[in-house]
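User: Please take a close look at a single helix in this structure, following its geometry, its buried side and its surroundings in one connected account.

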Amino acid sequence: MILSNGKPIEPTHSEPLAIYISGGITGVKNWQDIFMAAEQDLKLRLYARFFIFNPVKIAKNLERAFKVNVGRMPTYTEYMKEDIQILARCNAICMLPGWKRSKGARLEYRIAKILNMQILEWQPN
């Protein structure tokens with residue numbers, strides 16, 4: 001279920017939604033599976049025009065670029081800089097369960113609030 005201000009979201013937006021998925025990664029078991037499940041659920045439930053930005057995919061692209069161009073994996077700071085740049089281009093953020101325990105997700109939430117984005121919450125069925 002996807003909630004906005006505690007109510008189920010209806011995909012009736014006049015402009016395309018660009019949704020960034022945010023949640024805990026560091027220390028979270030199966031975090032990639034959780035993010036992918038959220039993305040699939042968003043795709044199934046929101047049949048209006050929208051784009052989803054998933055940190056799993058963002059990280060894989062960044063890792064490929066670093067491996068080729070720098071010869072190493074990105075640092076935590078480099079992952080966050082990439083994520084924040086993408087988040088800033090979105091007009092909605094979808095928070096995953098447990099996001100308040102994540103330093104990075106809390107930062108992303110604050111950025112979304114400052115940029116007046118729609119805040120969604122994803123709850124697995």
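**Helix α3 and its surroundings**

Analyst: In this predicted model, the 13 residues of helix α3 (residues 76-88) should span 18 Å at 1.5 Å a residue, and the end C-alpha atoms of α3 are indeed 18 Å apart, which agrees with that expectation. The residues of α3 that are buried are Met 80, Asp 83, Ile 86 and Leu 87. Viewed down the helix axis, these buried residues fall within an arc of 130°, so they line one face of α3. In general, an α-helix has 3.6 residues a turn, so residues three or four places apart point the same way. The elements against which the buried residues of α3 pack are β3 (17-22), β4 (50-53), α2 (55-69), β5 (92-95) and α4 (103-114).

One of these partners, α4, can be read in a similar manner: its 12 residues should span 16 Å at 1.5 Å a residue, and its end C-alpha atoms are 17 Å apart, which agrees. Buried in α4 are Gly 104, Ala 105, Glu 108, Ile 111 and Ala 112, and because they cover an arc of only 120° around the axis, they sit on the same side of α4. On the other side of α4, Lys 103 and Ile 114 are exposed. The contact with α3 is found from this helix too, since the buried residues of α4 pack against β3, α3, β5 and β6 (118-122).

As for open space, the largest pocket holds about 540 Å³, and α3 is among the helices that each supply at least two residues of its lining.

Key. Residues numbered from 1 in each chain as written. Predicted model: local features only at pLDDT ≥ 70, side-chain atom pairs only at ≥ 80, totals over all residues. Heavy atoms only, no water. Helix = DSSP H or I, 4+ residues; strand = E, 2+ residues; numbered from the N terminus. Expected span 1.5 Å × (residues − 1). Buried < 20%, exposed > 50% of the residue type's maximum accessible area, 1.4 Å probe, protein only. Arc of directions from axis to C-beta. Contact = heavy atoms within 4.5 Å. 1 Å grid on protein atoms, 1.4 Å probe; cavity = no way out; pocket = protein on both sides within 12 Å on 5 of 7 lines; lining within 4 Å. Points joined across faces, edges and corners; volume = space filled by probe spheres on them.
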